[in-house]
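Open the model in your viewer, keep the selection box handy, and let's walk through it one stop at a time.

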There are 2 protein chains.
Amino acid sequence: MSTDEKILKVAIDMIAKKGFKGATTKQIAEKAAVSEMTLFRHFPNKKKILEAAIDRYYYSFQMKELFEHKLIWDLEKDLLMIAETYHTIMKKNKNVIKIAIQEGHNVQGLNEQVNKHPRQLKELLIKYFEEMKKRGLIIDDDYELTAMNFLYMSYGLFISRSFVQGQTITTLSEDDVIKGSVQVFINHLTPNEVSRGIH
Amino acid sequence: MSTDEKILKVAIDMIAKKGFKGATTKQIAEKAAVSEMTLFRHFPNKKKILEAAIDRYYYSFQMKELFEHKLIWDLEKDLLMIAETYHTIMKKNKNVIKIAIQEGHNVQGLNEQVNKHPRQLKELLIKYFEEMKKRGLIIDDDYELTAMNFLYMSYGLFISRSFVQGQTITTLSEDDVIKGSVQVFINHLTPNEVSRGIH
DNA sequence: GGAGTAAGTTAGTGAGTACTAACAAACATA
DNA sequence: TATGTTTGTTAGTACTCACTAACTTACTCC
């Protein structure tokens, strides 16, 4: 791992954990096993370290391409796949998302950046629902509303598991909760007893 | 407003916004319109200010008492009322919740404190569902799972609206989203077409 | 009016923090 | 061997921050 990368890796972790002010350049250098001087030789100042770290550790995905060939028009399997993909993306970007929550107003464009995935996902879900409707596989509904609720549900789970420590609220596993959430939406979107009695 | 209260009010707002390190005693004093000296005459140190502020501005509720006489065993109305109450509580405690997310590990017992409401609400929901089942008004289900998903949905909505700034993801109003989320769970929990066709 | 209390003012201390200057050591490459 | 590049070390600067000491001012209650 190059010196740059060592520094950025430690920086993103530490800033996510302690905040921008709380993570000192001395500590970052120490934990990255370089001298503080080296750190400032690689980056002009602390702020630029954060910006470079976000740049390096924010993984961007194009939902459309990501899902294009994976949707099989089976509500349960598709929603499950979407939810799981959502969590994979969010976890990859966990540190940047945490930083956006606590430092968003201090970093130009960070909030916009972090909102891109949810927005894309919302659009994808709406289009997916519309197509499913066309195929007669789900009922008519306010798809934006349903998409948002699906997202909020996933988001709540993600935040709760990632950022709220201490005694947990439930012992249910993440996988079980995701599966459960998908079931809720299946029952909501599926006409009559087609899906009833499964659980 | 007493001097103590002026200080604590500004402190909780500013620490929630800028983090513990980011909010300086000088700024707090300034915004509270007292001298910094006065601030230290009222509180021995900065940490104690935060602790006192949390103490003062964390509103604790007993779910059981809160809901005892309000439940009318109509799934839609009850869930709506529960969701709305949830949001009212969370908003009241918004600052403390934000601080818990970013400073939880630095304040003894804060995470536990903040988790109390969700845990209580989970238990309440489970009991509510069980009673509704007894009355033959909802189907059999994994009620803990359903309760958690209802909570995660509400939590996601709350966090998204409260802490994530920047261009919004949807233009739907909070009320509409809440109503929508309740509909999702009604369709999930209600046997067959009883509730179908409403929306 | 006098005593007690809360607040302001000013000046300062000591510690930490971002960041720099200057020089030396290690290493790779030609 | 010579040279350029990267890193470490040491010492230091300028600044901010939490927190204090000492004195003064304003207000209240008797």
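Start by selecting B:Leu80: setting aside neighbours within four places in sequence, B:Leu80 is in contact with B:Lys179 and B:Val182, where contact means that the C-beta atoms, placed from the backbone, lie within 7 Å. This is a predicted model, in which local features need pLDDT of at least 70, side-chain atom pairs count only at pLDDT 80 or more, and totals for chains, interfaces and linings use all residues. Residues are numbered from 1 along each chain as its sequence is written, while chains are lettered from A and ligands numbered from 1 in the order in which they are written.

B:Leu80 lies in helix α6 of chain B, residues 75–92; helices here are DSSP runs of H or I with at least four residues, numbered from the N terminus. Is B:Leu80 buried or exposed? It falls in between: B:Leu80 is partly exposed because 18 other C-beta atoms lie within 10 Å, and the cut-offs are 20 or more for buried, 12 or fewer for exposed, with C-beta atoms placed from the backbone. Now add B:Gln108 to the selection: B:Leu80 and B:Gln108 are 28 residues apart in sequence and 34 Å apart in space, C-alpha to C-alpha.

Stay on α6 of chain B and pick B:His87, which lies in this helix. B:His87 counts as partly exposed because there are 18 C-beta neighbours inside 10 Å. Beyond its neighbours within four places in sequence, B:His87 is in contact with B:Ser154 and B:Phe158. Try B:Gly156 as well: B:His87 and B:Gly156 are 69 residues apart in sequence, and 11 Å separates them in space, C-alpha to C-alpha.

**Where the chains meet**

Next, show both protein chains. Here 47 residues of chain B are in contact with 47 residues of chain A. On the chain B side, the elements that give two or more residues are α7 (94–103), α8 (110–134), α9 (143–163) and α10 (174–189) of chain B. Which element gives the most? Colour α9(B), which gives 13 residues, the most on this side. By class, the residues of chain B that touch chain A divide into 16 nonpolar, 21 polar and 10 charged; Ala, Val, Leu, Ile, Met, Phe, Trp, Tyr, Cys and Pro count as nonpolar, Asp, Glu, Lys and Arg as charged, and the others, Gly among them, as polar.

Now superpose the two chains. A rotation of 180 degrees with 0.0 Å of shift along its axis places chain B on chain A, with an RMSD of 0.0 Å; the fit is by least squares on C-alpha atoms of residues with pLDDT of at least 70 in both copies. That is the relation of a two-fold axis. The same surface serves both copies, as 100% of the contact residues of chain B recur in chain A.

**A covered helix**

Select α10 of chain A, residues 174–189. This helix has 16 residues and reaches 23 Å from its first C-alpha to its last, close to the 22 Å expected at 1.5 Å a residue, a span worked out as 1.5 Å times one less than the number of residues. α10(A) is mostly covered, with 12 of its 16 residues buried. The buried residues of α10(A) include A:Val177, A:Val182, A:Phe185 and A:Leu189. They pack against α6 (75–92) and α9 (143–163) of chain A together with α9 and α10 of chain B.

**On to the DNA**

Turn to DNA strand D. Of the 14 residues around it, A:Thr3, A:Thr38, B:Thr24, B:Asn45 and B:Lys46 come nearest, where being near a strand means having a C-beta atom, placed from the backbone, within 6 Å of it. The elements giving two or more residues to this surface are α3 (36–42) of chain A together with α2 (25–31) and α3 (36–42) of chain B. The surface near DNA strand D divides into 4 nonpolar, 6 polar and 4 charged residues.

Then switch to DNA strand C. Of the 13 residues around this strand, A:Thr24, A:Asn45, A:Lys46, B:Thr3 and B:Thr38 come nearest. α3(A) gives the most to the surface near DNA strand C, with 3 residues. By class, that surface has 4 nonpolar, 6 polar and 3 charged residues.

Key: Two residues are in contact if their C-beta atoms, placed from the backbone, lie within 7 Å.
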